[in-house]
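Work through the exercises below with the structure open. Try each task before reading its solution.

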Amino acid sequence: MEKPTRIAILPSPVMGHLNPLVEFTKRLVAHHNLVVTFIVPTIGSPSKTQKQALQTLPAGADVVYLPPVSVDGKTTSAKPEAHVSLAIKLSLSPLREVIKSLKASSKLVALVLDPFGADAFGVAKEFDILSYIFFVVSATSLCLSFELPNLDKTVSGEFRDMKEPLKLPGCVPVQGRDLMEPIQDRSDDAYKMILNQSKSFFFVDGIILNSFLGFEEEAIQALLKEEPGKPAVYPVGPLIRMGMTDPVEESYECLTWLDNQPSKSVLFVSFGSGGTLSCDQTKEIALGLELSGQRFLWVVRSPNNEKSNAYFFSAESFEDPFPFLPKGFLERVKGRGLVVSSWAPQAQVLSHGSTGGLLTHCGWNSILESVVHGVPLIAWPLFAEHKMTALIVAESVKVALRPKESGNGVVSCEEVSRVVRSLMDGEEGKRIRQRMEELKEAATKTLGEDGCSSKALSKLVGIWKKRAI
């Protein structure tokens, strides 16, 4: 019996990175008849949400969990990016054994790596298989990754102090302070990890990009331009999760509530699987939503005054978040607004006919989900590369509004109210909605049989299948 052509995927233990890889796998199995093995590194035990996402993999895909590792005391960085990268580095030995076994039992032709796992490309070389990075964020961020080794040599001091904006090929100019958060302290282990990761990108066989030409056309065209020493780039997006992964009772409640709201009347307020607000900002958002007079569905978590990414590894709220809301708020907005704790089925909410806007932390998955469903945005960046993404959607593509912070770094309730009313009931909101509808059509087209993203994926699979002969 002929051995099947197999691809191995090494994700990171971060939900925002795992979900698009799951959707990527579904397309490989359903449209290209490949066999896929997920090799999953873990910090401690796999999380509940991680297991649930992997349970949605189709027949034709299997999962191998690597032994859990501990990063305690092994890095001085407090940044989660450094912890994730280190966890994968500590998992290279068991990864090597799994790859060896797969190579012996099947036609293993390629290893697809999460960007945090770029150190593992050496394992692919060792076993003579192709290596690819699955880049989970924007083309603009990928342009920065290619430029970072040069910036490291030519810029003295911290990037946030750069006098002039950075002009990357095909991208909107970016101020140094708006570059991705993990590179803002060059003495931190997280910066060194991102820099090494960026350098390793030049040694892989290709980079798979979860974006599409109709959305980031100029940046992607710049990436597609062939240059000596630069790997091929395959824009295959938008790959978004389409199904519910945690059908808890409260989630059904919010969908039932949406069923009873007018068309496109509800603002969905969600800060992703990892985002966190301060106590003061939580109260100002609550009062601003109340003041706006607009309908809303808000996923709220207990606040954290120290970190904007306190839920990076777990979406569950550490405490009951409702006592942190203004006194009497829930009673005053009852009927017009619904507040749920920790989680809501975002894919279902954004695809619902009653949803007319998203206030988002600017995580790339949320941006792509909004584009696919034609939902206009309020951009509220929190951490990681979110400020760069906010620039893309607000200034380059022009499908988002951005609230202005006051002097103390908090967005006031009056400003929240203003931007919410502008998006949901203003002329600027109407223009943004029309532009988002155009992008929705472009997203549908690019994933169609003759679409650019489908062709890019077919080209990549063709390389893999040829390798298996």
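**Exercise 1.** Find which residues of H16 are buried, and decide how they are arranged around the helix.

*Solution.* This is a predicted model. Start with the burial list: Gly 429, Ile 432, Arg 433, Met 436, Leu 439, Ala 443 and Thr 446 are buried in H16. Next, look down the axis. The buried residues fall within an arc of 140°, so they line one face of H16. Recall the general rule: an α-helix has 3.6 residues a turn, so residues three or four places apart point the same way. Now turn to the other side of H16. Exposed there are Glu 427, Lys 430, Arg 431, Glu 441, Thr 444 and Lys 445. Finally, ask what the buried residues pack against. Their partners are the strands E11 (355-360), E12 (377-379) and E13 (400-401), along with the helices H13 (364-373), H15 (413-425) and H17 (452-468).

**Exercise 2.** Check the span of H16 against the expected value.

*Solution.* H16 covers residues 427-446, which is 20 residues. At 1.5 Å a residue, the expected span is 28 Å. The end C-alpha atoms are 29 Å apart, so the two values agree.

**Exercise 3.** How many residues of helix H3 are buried, and what do they pack against?

*Solution.* H3 spans residues 80-89, and eight of its ten residues are buried. The buried set is Pro 80, Glu 81, Ala 82, Val 84, Ser 85, Leu 86, Ala 87 and Ile 88. These pack against strand E1 (5-10), helix H4 (92-105) and H7.

**Exercise 4.** Classify two aromatic pairs and place them in the chain.

*Solution.* The structure holds eleven aromatic pairs. Take Phe 159 and Tyr 191. Their ring centres are 6.0 Å apart and their planes meet at 55°, so the pair is tilted. Phe 159 lies in the loop between helix H6 (139-154) and helix H7 (189-200), while Tyr 191 is in H7, 32 residues apart. Phe 159 has 0% relative accessibility and so counts as buried. Tyr 191 is also buried, at 3%.

Now take Phe 271 and Trp 380. The centres are 6.0 Å apart and the planes are at 85°, an edge-to-face pair. Phe 271 sits in the loop between strand E8 (266-270) and helix H10 (279-292), and Trp 380 in the loop between E12 and helix H14 (386-396), so the pair ties together parts 109 residues apart in sequence. Both Phe 271 and Trp 380 are buried.

**Exercise 5.** Describe the surroundings of Asn 210. Is Asn 210 buried or exposed?

*Solution.* First, locate Asn 210: the loop between strand E6 (206-209) and helix H8 (217-224). Its relative accessibility is 0%, so Asn 210 counts as buried. Then list contacts beyond four places in sequence; they include Pro 20, Phe 134, Gly 237, Leu 239 and Trp 364. Asn 210 and Trp 364 are 154 residues apart in sequence, yet 9.0 Å apart C-alpha to C-alpha. Trp 364 also belongs to an aromatic cluster with Phe 212 and Phe 215.

**Exercise 6.** Where does pLDDT stay under 50?

*Solution.* Begin with the chain: pLDDT averages 92, and 95% of the residues score at least 70. One stretch under 50 is residues 245-250, with eleven contacts beyond four places in sequence. Residues 308-317 are also below 50, with 40 contacts beyond near neighbours in sequence. Where pLDDT is low, the predicted coordinates should not be read in detail.

Methods: Residues are numbered from 1 along each chain as its sequence is written. This is a predicted model: local features need pLDDT of at least 70, side-chain atom pairs count only at pLDDT 80 or more; totals for chains, interfaces and linings use all residues. Side-chain values use heavy atoms; hydrogens and water are left out. Helices (H or I, at least four residues) and strands (E, at least two) are DSSP runs, numbered from the N terminus. Buried means under 20% relative accessible area, exposed over 50%, partly exposed in between (1.4 Å probe, protein chains only). Contact means heavy atoms within 4.5 Å. pLDDT is the predictor's confidence in each residue, from 0 to 100. The expected span of a helix is 1.5 Å times one less than its number of residues. The arc is that of the directions from the helix axis to the C-beta atoms. Rings of Phe, Tyr and Trp (its six-membered ring) pair if their centres lie within 6.5 Å; planes under 30 degrees apart count as stacked, over 60 as edge-to-face and the rest as tilted.
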